[in-house]
Amino acid sequence: MNFNLEQVPFSRCGSYIAFSWLSERFRGVNAKEGLYLRTVHGDAVSKEIMLVELTDGGRPIPFEIKAMPELLRLEAADGYVEICIATSTVIRIRGCGVGLRFSSSEESMFNNAIPFKEYQWIINAFNSRVQLMFIPLKARLCMDAPWDGSKCSFVKVDILPDDTGYFECAIEEFYSSWYQHIYDDFDESVKSVKEEFKAFLGKMPDVSDEFSQAAELAAYIDWSCIVEPNGLITRPAMFMSKNWMTNVWSWDHCFNAIALSYKYPELAWDQFMIMFDHQDNNGALPDSINDRLPIWNFCKPPIHGWALKKMMDNTDYIDRAKLVQVYEPLCDWTNWWFNYRDDDDDGIPQYNHGNDSGWDNSTVFAERPPIESPDLAAFLIIQMETLSNVADKLGRKAQSRVWEQRASELLNRLLEHSLRGNRLVALQSETHKPISSQSLLPFMPIILAGRLPQNVLTATITDLKQSGIITEHGLATESIDSPLYEADGYWRGPIWAPSTMLMVDGLKEAGDEAMAQDICRKFACMCAAGGFAENFDALTGKGLRDKAYTWTSSVFLILAHEYLL
């Protein structure tokens, strides 16, 4: 596998370090296009730590890139450099015939280069919130970092070959203190990383030969986006990306957990539970977390009961002890919606902003929220049914009956409250004014499938087929016939992985397996052709926004396994 570094960062499981090629769209105002050593720590003011260049005679020279899970190879006309992220904090580098330069021109009042012992240097990149120790193992290290009385005005590190024309070095990230230790042989490091990724690949869902090459890239994106516990990250956590979306969001993590649940259930459980590690006393989950910061301004939809049910169907790993861990937190999360997101006390919870639904700028929220969107009640019905099942497994029969009754009551209330004709619609909270929208979002209650009256289910599927939402590549999030459709309009047009999977799951349960499989094939073929972007142009299938996004790679693996194997 050789992936495109402009789309997919070079990193490894556990690490907060990545290498990316930044083009004009993503580099800083004063930064040049090129290869960058980056950080994904949550408090970094600048994620781009240093520009990486090959040199000859002190001058930058062009090079080509080959990126594999275990090795990044930079090839010039007269030499090469190879980079391996050997451990979560150690970068091993070797080269021949050329020099390697790391440079930073970004001014920060605290940036500094500190000589350490005889040959080593510490780079304190304050804006990136990292400290790096540069260790020449078999090389000449030349530092140019003028001190202006309070900071280094720039930092330029040249790693040059010795008399043999060869060099080898290590760069190590550290926090408060660095200590000397022995590094593994370079080739052994490469072999170890390669074997680690191969083992991870073996724990991914099985797919057909048709999608095996795409599945390998999907597995790499998932594997490389995992970071080790640090700060607020309490367990191994899969970030959404190591490009720009360097957080865990409170519904994205569910899709990653499901993808891992088939053959890697222990890591799947970590992905599912990590947001509950940060649940507040009222039962709310944060919108997102990284290693440094939780965000509480918004939340995300309660798909956790739906996800837990799918995980329980996939693995026996979720035993009684695991259910004990999750039961009360899931109860509290469910109750939070009724306690704190039902301002008009009509029993139908609301979204206060599009961000709360996960569909940030959907046309459902074009009018002032709060909005009583029917997908929210649908998710809560399924979540309460899951809680009833979990309570039963735990021997809590009375609680099981209560949750079953509450699910039934919410379904009846939703049908009485939100049904217009044969369709469930979004309403403005309190006024209960119907929201006019050509979004895919109001179709989401299809996940209730047979719980819906047959006339409602039939009308929903029929209207979906006639809506202008189904394209050659899958399900647009806004009808292509809508005056508000935008090709790159985030949730106003592009195809997304989570909406695709939820709709496919509902269609299958509703008995329309042919339509579910057709949508799966369209989505899988789009990913196989263009990669695993955050979202996709609904008409062209072109990847948009963040080009290496884990819920996309995870959903691809799930759908290819469940529908296309």
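Over which ring does the charged end of R129 sit? In the predicted model analysed here, the charged end of R129 is placed over the ring of F126, at 4.3 Å from the ring centre. A second arrangement of this kind involves K203, which lies over the face of Y264 at a distance of 4.1 Å from the centre of the ring.

Contacts between aromatic rings were examined next. A pair of aromatic rings is described by the distance of the centres and the angle of the planes. The count comes to 31 aromatic pairs. One of these is formed by W496 and W551, whose rings are edge-to-face, with 6.0 Å from centre to centre and 85 degrees between the planes. This pair links distant parts of the chain, as the two residues are 55 residues apart. W496 belongs to the loop between β26 (474–475) and α11 (497–509), whereas W551 belongs to helix α13. Both partners are shielded: W496 counts as buried at 1% relative accessibility, and W551 is buried with a relative accessible area of 2%. W496 and W551 are also members of a cluster connected by ring pairs, which further includes W251, F255, W306, W359, Y490, W491 and Y549.

Helix α13 also features in the surroundings of helix α2. Helix α2 comprises residues 212–224, 13 residues in total, and spans 18 Å between its first and last C-alpha atoms, close to the 18 Å expected at 1.5 Å a residue. The helix is mostly covered, since 10 of its 13 residues are buried, that is, have under 20% relative accessible area. Among the buried positions are the alanines A214, A215, A218 and A219, together with L217, Y220, I221 and W223. D222 and S224 are buried as well. The elements against which the buried residues of α2 pack are the helices α1 (186–201), α12 (513–530) and α13 (550–563), and the strands β16 (226–227) and β17 (237–238).

Charged side chains were considered in turn. Side chains of opposite charge can pair when their charged atoms come close. The structure holds 31 salt bridges. In one of them, the side chains of R101 and D158 meet at 2.8 Å, N to O. Because R101 lies in strand β9 (residues 99–104) and D158 in strand β14 (residues 155–160), this salt bridge ties together parts that are 57 residues apart in sequence. R101 and D158 are both buried. A contrasting setting is found for K309 and D313, whose closest N and O atoms are 3.4 Å apart. These two residues are 4 residues apart in helix α5 (residues 304–314), and are therefore separated by about one helical turn. K309 is partly exposed, with a relative accessible area of 42%, and D313 is exposed, with a relative accessible area of 57%. Elsewhere, salt bridges that share partners join K66, R73, E75, E82, R94 and D187 into one network. Within this network, the side chains of E82 and R73 meet in a salt bridge of 2.6 Å, N to O. E82 is buried, with a relative accessible area of 8%, while R73 counts as partly exposed at 22% relative accessibility.

Attention then turned to the strands. Strand β15 (residues 166–174) is largely enclosed by the rest of the structure, because 9 of its 9 residues are buried. In a regular strand the side chains alternate between the two faces of the sheet. In β15, Y166, E168, A170, E172 and F174 point one way, whereas F167, C169, I171 and E173 point the other way, and all of these residues are buried. Strand β8 (residues 90–96) pairs with β15 in the antiparallel sense over 7 bridges, and I93 stands opposite C169 of β15. Strand β12 (residues 130–138) likewise pairs with β15 in the antiparallel sense, over 7 bridges. There, L132 has E173 of β15 as its bridge partner.

A further sheet is open and contains 3 strands in the order β18-β19-β20, with antiparallel pairing. Its edges are formed by β18 (248–249) and β20 (294–295); each has a single partner strand, so one side of each is left without a neighbour in the sheet. Strand β19 (residues 288–289) is joined to β20 by 2 bridges, and the two strands run antiparallel. The bridge partner of I289 in β20 is P294.

Key. Residues are numbered from 1 along each chain as its sequence is written. This is a predicted model: local features need pLDDT of at least 70, side-chain atom pairs count only at pLDDT 80 or more; totals for chains, interfaces and linings use all residues. Side-chain values use heavy atoms; hydrogens and water are left out. The expected span of a helix is 1.5 Å times one less than its number of residues. Buried means under 20% relative accessible area, exposed over 50%, partly exposed in between (1.4 Å probe, protein chains only). Contact means heavy atoms within 4.5 Å. Rings of Phe, Tyr and Trp (its six-membered ring) pair if their centres lie within 6.5 Å; planes under 30 degrees apart count as stacked, over 60 as edge-to-face and the rest as tilted. A charge sits over a ring if NZ of Lys or CZ of Arg is within 6 Å of the ring centre and within 35 degrees of the ring normal. A salt bridge is a side-chain nitrogen of Lys or Arg within 4 Å of a carboxyl oxygen of Asp or Glu. Two strands pair if DSSP finds at least two bridges between them.
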